[in-house]
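Me: I would like to go through a structure slowly and ask, for each label used, what justifies it. Could you set each value against its cut-off as we go?

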Amino acid sequence: MRPLAEFIMRGRMQAALVAGLSSAIPVLFWLAAAAAALVLLRKGWQDAGNVVIAALVPAFIWALWGDPFVLMTIACSLLLAWRLRQTVSWAGVVLASALLGAVCIVAFRLLFGDGIEMLADKAFELLPMVLGSESYQQLPADELLVMRRL
């Protein structure tokens, strides 16, 4: 990771390249969030502007296609990096991350509650196949009820 961080901090163009490309690839969006947050943390908003835009443009496209997770991850990372830059307090950032995480959970529940319910129902239906019928039948009723509510 250190060579990658050094490459990102070498210049705005390198940082924007890493942030933009990794934001466009679904599995690597966390790298875009880290690159943009690193530049913001070290250089401030003015110097990080191009990098933030390079990370957010593909994230907005993903959000338009129905996947806001990339956008929310990058935005939350940027907010926490900005908070750390302003306060230089890990305690404040940890508290802010807990609050931000709670807000994101509520937002996802509101946005995708029906889809999550549908996936949970399907997973519960497949549980006997995954566990095997004997193991599934040995599960206590209260554990099945708890799993059903999750």
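Reply: What follows is a set of questions and answers about this protein chain, which is a predicted model.

Me: Let us begin with the overall fold; what makes up the secondary structure of the protein chain?

Reply: The protein chain comes to eight helices and zero strands, and, read along the sequence, its pattern is α-α-α-α-α-α-α-α.

Me: How do you know how the protein chain stands against a compact globule of 150 residues?

Reply: Such a globule would have a radius of gyration near 15 Å, whereas the protein chain has 20 Å. The spans of the C-alpha trace along its principal axes can be set beside this, at about 60 × 30 × 30 Å.

Me: What share of the residues counts as buried, and what supplies the exposed area?

Reply: Of the 150 residues, 30% count as buried. The protein chain exposes about 10,000 Å², and carbon and sulfur atoms supply 69% of that area.

Me: Why is S23 called buried?

Reply: The cut-off for buried is under 20% relative accessible area, and S23 has 0% relative accessibility, so S23 counts as buried. This serine lies in helix 2, which covers residues 12-24. Leaving aside neighbours within four places in sequence, S23 is in contact with F29, A32, A55, P58, A59, W62, V70 and I74.

Me: And what makes S22 buried or exposed?

Reply: The relative accessibility of S22 is 3%, which is under the 20% limit, and therefore S22 counts as buried. S22 is also found in helix 2, and, not counting residues up to four places away in sequence, S22 touches L28, F29, L31 and A32.

Me: Why is L110 called exposed?

Reply: A residue is called exposed when its relative accessible area is over 50%, and because L110 reaches 71%, L110 counts as exposed. Its place is in helix 6, residues 90-131. The C-alpha atoms of L110 and I74 are separated by 20 Å, and these two residues are 36 residues apart along the chain.

Me: Where is V88, and why is V88 called exposed?

Reply: V88 sits in the loop between helix 5 (69-87) and helix 6. Its relative accessible area is 69%, which is over the 50% cut-off, so V88 is exposed. The phi of V88 is near 50°, a positive value in a residue other than glycine.

Me: How many disulfides does the structure hold, and why is there no bond between C76 and C104?

Reply: The structure holds zero disulfides. For a disulfide, the two cysteine sulfur atoms must be within 2.5 Å; the sulfur of C76 has its closest cysteine sulfur in C104, at 3.4 Å, and so the pair is too far apart for a bond. Seen from the other side, the closest cysteine sulfur to that of C104 is in C76, again at 3.4 Å.

Me: Why are C76 and C104 called buried?

Reply: C76 has 17% relative accessibility, which is under 20%, so C76 counts as buried. C104 has a relative accessible area of 16%, also under 20%, and is therefore buried.

Me: Finally, how many positive and negative side chains are there, and how far apart do the centres of the two sets lie?

Reply: The protein chain has 11 positive and 10 negative side chains, and the centres of the two sets lie 19 Å apart.

Note on methods:
Residues numbered from 1 in each chain as written. Predicted model: local features only at pLDDT ≥ 70, side-chain atom pairs only at ≥ 80, totals over all residues. Heavy atoms only, no water. Helix = DSSP H or I, 4+ residues; strand = E, 2+ residues; numbered from the N terminus. Rg over C-alpha atoms; globule rule 2.2 N^0.38 Å. Buried < 20%, exposed > 50% of the residue type's maximum accessible area, 1.4 Å probe, protein only. Areas by Shrake-Rupley, 256 points an atom, 1.4 Å probe, with all protein chains shown as cover. Lys, Arg positive; Asp, Glu negative; His and termini not counted. Charge placed at Lys NZ, Arg CZ, Asp CG, Glu CD. Contact = heavy atoms within 4.5 Å.
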